[in-house]
Amino acid sequence: QVQLVESGGGLVQAGGSLRLSCAASGRTFSTYAMAWFRQAPGKEREFVGIRRNGGGTYYADSVKGRFTISGDNAKNTVYLQMNSLKPEDTAVYYCATGSSSISPDDYNYWGQGTQVTVSS
């Protein structure tokens, strides 16, 4: 049974930083791709970034240069470091595994989500 648990969300001012964590159990994340998505109110869930099983990363254009995905093999945890946050980054953030796609429809394992709110 794969379980993903996110943490680290909160309220931050524009220009600030947050680090989200996604702790995985039932799967060794280093051998599987781990992705981050987000969903703002009234909008569809959108791709943020992915750490592929070879360690390479890929980001949506909207976050490229500001967000970074990293991992801790010993803790089986993936991180999303978010810098230079903007109000438009406000959303519920989810980690997911089970695919290496950028489409949320291709994933079957999801965390519960963590709220990120960026004030202007």
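## Exercises: an aromatic cluster and a buried strand

**Exercise 1.** Does Phe37 count as buried or exposed in this predicted model?

*Solution.* Start with the relative accessibility of Phe37, which is 0%. The cut-off for buried is under 20%, so Phe37 counts as buried.

**Exercise 2.** Work out what kind of aromatic pair Phe37 and Phe47 make, and which parts of the chain the pair ties together.

*Solution.* First, a bit of context: there are six aromatic pairs in the structure. For Phe37 and Phe47, the ring centres are 5.9 Å apart and the planes sit at 75°. Edge-to-face needs an angle over 60 degrees, so this pair is edge-to-face. Next, place the residues: Phe37 is in strand β4 (residues 34-39), while Phe47 is in strand β5 (residues 46-51). The pair therefore ties together parts that are 10 residues apart in sequence. Finally, check the burial of Phe47: with a relative accessible area of 10%, Phe47 is buried.

**Exercise 3.** Now take Phe37 with Tyr107 and find the geometry of the pair and the sequence separation it spans.

*Solution.* Centre to centre, these rings are 5.2 Å apart, and with 70° between the planes the pair is edge-to-face. Tyr107 belongs to the loop between β9 (91-97) and β10 (109-110), whereas Phe37 lies in β4, so the pair ties together parts 70 residues apart in sequence. As for burial, Tyr107 is buried, and so is Phe37.

**Exercise 4.** Which residues do ring pairs link into a cluster, and over which rings does Arg45 lie?

*Solution.* Follow the ring pairs and you get a cluster of Phe37, Phe47, Tyr58, Tyr94, Tyr107 and Trp110. Then look at Arg45: it lies over the face of Tyr94, at 3.8 Å from the ring centre. The charged end of Arg45 also sits over the ring of Trp110, 4.6 Å from its centre.

**Exercise 5.** Figure out which strands pair with β8, and why β8 is largely enclosed by the rest of the structure.

*Solution.* Take one partner at a time. Strand β3 (residues 18-25) pairs with β8 in the antiparallel sense, over six bridges; here Thr77 is the bridge partner of Ala23. Strand β7 (residues 67-72) also runs antiparallel to β8, with six bridges between them, and Ile69 has Leu80 as its bridge partner. The hairpin of β7 and β8 has four residues between the strands, and in it Asn76 takes a positive phi near 50°. Last step, burial: five of the six residues of β8 (residues 77-82) are buried, so the strand is largely enclosed by the rest of the structure.

Terms used: Residues are numbered from 1 along each chain as its sequence is written. This is a predicted model: local features need pLDDT of at least 70, side-chain atom pairs count only at pLDDT 80 or more; totals for chains, interfaces and linings use all residues. Side-chain values use heavy atoms; hydrogens and water are left out. Buried means under 20% relative accessible area, exposed over 50%, partly exposed in between (1.4 Å probe, protein chains only). Helices (H or I, at least four residues) and strands (E, at least two) are DSSP runs, numbered from the N terminus. Two strands pair if DSSP finds at least two bridges between them. Rings of Phe, Tyr and Trp (its six-membered ring) pair if their centres lie within 6.5 Å; planes under 30 degrees apart count as stacked, over 60 as edge-to-face and the rest as tilted. A charge sits over a ring if NZ of Lys or CZ of Arg is within 6 Å of the ring centre and within 35 degrees of the ring normal.
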